[in-house]
Amino acid sequence: MKNIYLDNAATTPLSEKAFEAMKPYFTDVFGNANSQHAFGREAAKAVADARQTIAECIGAKPSEIYFTSCGTEADNWALKGIASQLKDKGKHIVTSVIEHPAIHTACKQLEKYGWEITYLPVDGQGFVSARDLENALREDTVLVSIMYANNEIGTVQPIGELCEIAHKHGVLFHTDAVQATGAIKYDVKELGVDLLSMSAHKFYGPKGMGALYVRNGLRIEKLLAGGEQERAHRGGTTNTAGAVGMAVALKDAVDHMEENAKYVGGLRDRFVSKVLERIDDIYYNGAKDNSKRLYNNANFSFRYIEGESILFSLDLAGICASSGSACSSGSLEPSRTLLAIGVPIGTAHGSIRFTFGKNNTVEDVDYTVDELVKTVEKLRAMSPLYKKN
Ligand SMILES: *Cc1c(COP(=O)(O)O)cnc(C)c1O
């Protein structure tokens, strides 16, 4: 039985290296990193080293890295922390329509509490327009939050350029870089962003570990009130093993970024060209220019059939892909991102995201293409919407 994992945007397996590095912190070195004794100091040293490594990977200073429990927490903290810090300046935030639920839902929550949110549209390939952003900024705008790379269609935004526009108008800029971190080389100082979120399990690190970069000098209200951890910015006992695993995984991703991009991107390109060659009536969603698209991402809409049926059939053939949206828990809402790029509602329902990883092989790609061709033919043959011409 095949067991092919093509859902690396949802999560990646923990790397052996990260796992090995984490092990001592579950057993012998169990101290609380905030305790003032030998056990605590040993844990604190590991956390400090991890913070240093992560900072170096993104061009930040260690004092600008705050550990969180996940990417979702980092996103919520950036939005709500700045909203609350700057509430006397204004209550307007600008974001995009294609943000991950960690941003989108947090914005919906802020609306309930009296903030006004502008959701910028995107073009047919998922890009936010600089002009739209500029037009949306107001006197009372306190924050712009635009994701670096989209989790469904892989579109990579020109973050540096968008950030510059926000700053020109005196507005802070946050980016959800959860999909970009480890995949794209960036430097926070060159980008100019004020805040940036990341999550370890998207780059072969442990689940339940994230970080928020907060530019030095920027004041942000805390999200988790508690002890004095994270330099009194985030209460909660530090996840020592998580911090260590996150640092090892990120360093590994950054050190091997080019070769991973080449290898995984090659698999994705092979997949996309074979699928387009062998299956009619489909759309390849997202950025057409590969330099503006995550190298692991392929997203297709298959006309006349349901994505859920394709996924089910692929799953039976041992292939794990995704409907590429928060279509979770049986919700039949089509993807907000696909609708935003102009995919018609019916077609959006027939969409699948394939995200490749470094553990995939050429054989995985070829087998998946063959199974996908068979599946689509079979389902279309049964579809009342599909007329053979
Ligand atoms: C996965 C993901 C998140 C959430 O990160 P978690 O660590 O799973 O909470 C946020 N934004 C994007 C773009 C993601 O892909």
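**Figure 1. Helix α4 on the seven-stranded sheet.** In this predicted model, helix α4 (residues 101-112) lies across four strands, namely β3 (92-96), β4, β5 (141-145) and β6 (172-176). Its direction makes an angle of about 145° with that of β4. The underlying sheet is open and consists of 7 strands, arranged in the order β2-β8-β7-β6-β5-β3-β4 with mixed pairing. Strands β2 (65-68) and β4 (116-120) form its edges, each pairing on one side only. From one strand to the next, the twist averages 20°.

**Figure 2. The β2 edge and its neighbour β8.** Edge strand β2 pairs with β8 (residues 210-214) in the antiparallel sense, and 4 bridges connect the two. Within this pairing, Y66 has L212 of β8 as its bridge partner. Helix α9 (residues 240-255) lies across β2 and β8, and also across β7 (195-199). The angle between helix α9 and β7 is about 95°.

**Figure 3. The three-stranded sheet.** A further open sheet is built from 3 strands in the order β9-β10-β12, with antiparallel pairing. Strands β9 (282-284) and β12 (351-355) are the edge strands, and each of them pairs on one side only. The average twist from one strand to the next is 20°. Strands β9 and β10 (residues 297-302) run antiparallel and are joined by 3 bridges. In this pairing, I282 stands opposite F302 of β10.

**Figure 4. Helices α10 and α11 against the three-stranded sheet.** Helix α10 (residues 257-278) lies across β9, β10 and β12. The direction of helix α10 makes about 15° with that of β10. Helix α11 (residues 307-316) also packs on this sheet, where it touches β10 and β12. With respect to β12, helix α11 runs at about 45°.

**Figure 5. The second largest pocket.** The space in the second largest pocket amounts to about 220 Å³. Its lining includes R303, Y304, I305 and E306, together with S309. G346, T347 and H349 also line the second largest pocket, as do L379, S383, P384 and L385. By class, the lining residues comprise 5 nonpolar, 5 polar and 2 charged.

Methods: Residues numbered from 1 in each chain as written. Predicted model: local features only at pLDDT ≥ 70, side-chain atom pairs only at ≥ 80, totals over all residues. Heavy atoms only, no water. Pairing = 2+ DSSP bridges. Axes fitted to C-alpha atoms, helices over the stretch in contact; angles between N-to-C directions. Contact = heavy atoms within 4.5 Å. 1 Å grid on protein atoms, 1.4 Å probe; cavity = no way out; pocket = protein on both sides within 12 Å on 5 of 7 lines; lining within 4 Å. Points joined across faces, edges and corners; volume = space filled by probe spheres on them. Nonpolar A, V, L, I, M, F, W, Y, C, P; charged D, E, K, R; others polar.
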